Amino acid sequence: GASNASSCSLCPAGAYSTGTGISSCTSCPSGTFALTEGATNNSVCLACTAGSYGTGSGLSVCSSCHPGYVGVTTGGNNTSVCLACLVGAYATGSGLSVCSTCAAGQFGYVTGALNQSYCVACSLGSYSTGLGISVCRLCPAGSYNTGKGASTMLACAICGAGVYTTASGASSCTSCTTGSYWTGAGATSSAVCSWCAPGTFGTGPGLTACIGCAQGTFASGAGGGRVAAC
């Protein structure tokens, strides 16, 4: 048998012994770890922190959740504690407990995103006002947006006189046809475009007013599109 204390070994990190004359150390349970050697009680066994887990007993270090995943609970003993970041969020490193969110004006399209490159700017005709968005909102009919990455509905400009949009998410307005005009704003249908009255004509699309025939000319029909109509 052992003749002196020098033959006794310290319990390794991740284990402890509570009394004398012990032939083996007790391992810290799964979901915990211990950093120090020679521990004399289980108070050295610490719960794995959020963002990590311990799958076996007697650990000196816990495993980290992978990038794209986060852990929100302590003391996890398997990978089920690591949750994929939701669409619109990402985790760039390992062992994280909180996902970062895509900024306003962007949207996310996958779960478990690894970095900010998975956040995409809202396309023309749309916007997003909050963080961590998975779908951008469309500018309403009667308005349009010509820039990407809009972070407010104020980026949706109202279609002015002579033009309209019939659907949401437009990047430009449609002009009233030649020979017609519209004096208002925010139109959602071509029905607002009125034909030029007899005695007037329009020189192109998107007019806000028709032009009267010159002295000595006339136009008997509505919707004249050029001077020759007079």
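**Exercise 1. Aromatic pairing**

Task: In this predicted model, state how many aromatic pairs the structure holds, and classify the arrangement of the rings of Tyr 109 and Tyr 118.

Solution.
- Step 1. The count of aromatic pairs in the structure is 1.
- Step 2. The pair is formed by Tyr 109 and Tyr 118, whose ring centres are 6.1 Å apart.
- Step 3. The two ring planes meet at 40°. Planes under 30 degrees apart would count as stacked and those over 60 as edge-to-face, so the pair is tilted.
- Step 4. For solvent access, Tyr 109 has a relative accessible area of 47% and is partly exposed. Tyr 118, at 28%, is also partly exposed.

**Exercise 2. The largest pocket and Ser 17**

Task: Give the volume of the largest pocket, describe its lining, and place Ser 17 in the chain.

Solution.
- Step 1. The largest pocket contains about 290 Å³ of space.
- Step 2. Its lining consists of 15 residues, and those nearest the centre are Ser 9, Leu 10, Cys 11, Ser 17 and Cys 25.
- Step 3. By class, the lining has 6 nonpolar residues, 9 polar residues and no charged ones.
- Step 4. Ser 17 sits in the loop that runs between strand 1 (15-16) and strand 2 (26-27).
- Step 5. The relative accessibility of Ser 17 is 18%. Buried means under 20%, so Ser 17 counts as buried.
- Step 6. Beyond four places in sequence, Ser 17 touches Cys 11, Ile 22, Ala 39, Thr 40 and Asn 41. Cys 11 in this list is also one of the residues nearest the pocket centre.

**Exercise 3. Asn 41**

Task: Starting from the contact between Ser 17 and Asn 41, describe the setting of Asn 41 and its side-chain polar contact.

Solution.
- Step 1. Asn 41 belongs to the loop between strand 3 (32-33) and strand 4 (46-47).
- Step 2. With 32% relative accessibility, Asn 41 is partly exposed.
- Step 3. Not counting residues up to four places away, Asn 41 touches Tyr 16, Ser 17 and Thr 18.
- Step 4. The side chains of Asn 41 and Ser 43 make a polar contact of 2.3 Å.
- Step 5. As a long-range reference, the C-alpha atoms of Asn 41 and Ala 104 are 51 Å apart, with the two positions 63 residues apart in sequence numbering.

**Exercise 4. Ser 180**

Task: Decide whether Ser 180 is buried or exposed, and list its surroundings.

Solution.
- Step 1. Ser 180 is part of strand 19 (residues 180-181).
- Step 2. A relative accessible area of 1% makes Ser 180 buried.
- Step 3. A polar atom of the Ser 180 side chain lies 2.6 Å from the backbone oxygen of Thr 177.
- Step 4. Outside the four neighbouring places in sequence, Ser 180 is in contact with Cys 193, Ser 194, Trp 195, Cys 196 and Leu 207.

**Exercise 5. Three loop residues**

Task: For Val 72, Thr 92 and Lys 148, give the loop, the exposure and the contacts.

Solution.
- Step 1. Val 72 is in the loop between strand 7 (69-71) and strand 8 (82-84). Its relative accessible area of 54% makes Val 72 exposed. Past the four nearest places in sequence, the contacts of Val 72 are Ala 50, Val 81, Leu 83 and Ser 97.
- Step 2. The C-alpha atoms of Val 72 and Cys 119 are separated by 23 Å, and the two residues are 47 residues apart along the chain.
- Step 3. Thr 92 is in the loop between strand 9 (89-90) and strand 10 (100-101). Thr 92 is exposed, at 54% relative accessible area. With residues up to four places away left out, Thr 92 touches Pro 67, Leu 114 and Asn 115.
- Step 4. From Thr 92 to Thr 183 the C-alpha separation is 53 Å, over 91 residues in sequence.
- Step 5. Lys 148 is in the loop between strand 15 (143-144) and strand 16 (157-158). Lys 148 is exposed, with a relative accessible area of 66%. Neighbours within four places aside, Lys 148 is in contact with Ala 121, Cys 122, Ser 123 and Leu 124.
- Step 6. Lys 148 and Thr 188 are 40 residues apart in sequence, and their C-alpha atoms are 22 Å apart.

Methods. Residues are numbered from 1 along each chain as its sequence is written. This is a predicted model: local features need pLDDT of at least 70, side-chain atom pairs count only at pLDDT 80 or more; totals for chains, interfaces and linings use all residues. Side-chain values use heavy atoms; hydrogens and water are left out. Helices (H or I, at least four residues) and strands (E, at least two) are DSSP runs, numbered from the N terminus. Buried means under 20% relative accessible area, exposed over 50%, partly exposed in between (1.4 Å probe, protein chains only). A polar contact is a pair of N or O atoms within 3.5 Å; within protein, one must be able to donate a hydrogen and the other to accept it, and residues adjacent in sequence count only if both atoms are side-chain atoms. Contact means heavy atoms within 4.5 Å. Rings of Phe, Tyr and Trp (its six-membered ring) pair if their centres lie within 6.5 Å; planes under 30 degrees apart count as stacked, over 60 as edge-to-face and the rest as tilted. On a 1 Å grid over the protein atoms alone, a cavity is a set of points where a 1.4 Å probe fits but cannot get out, and a pocket is an open set with protein on both sides within 12 Å along at least five of seven lines; lining residues have an atom within 4 Å of a point. Grid points are joined across faces, edges and corners, and a volume is the space filled by probe spheres set on the points. Ala, Val, Leu, Ile, Met, Phe, Trp, Tyr, Cys and Pro count as nonpolar, Asp, Glu, Lys and Arg as charged, and the others, Gly among them, as polar.
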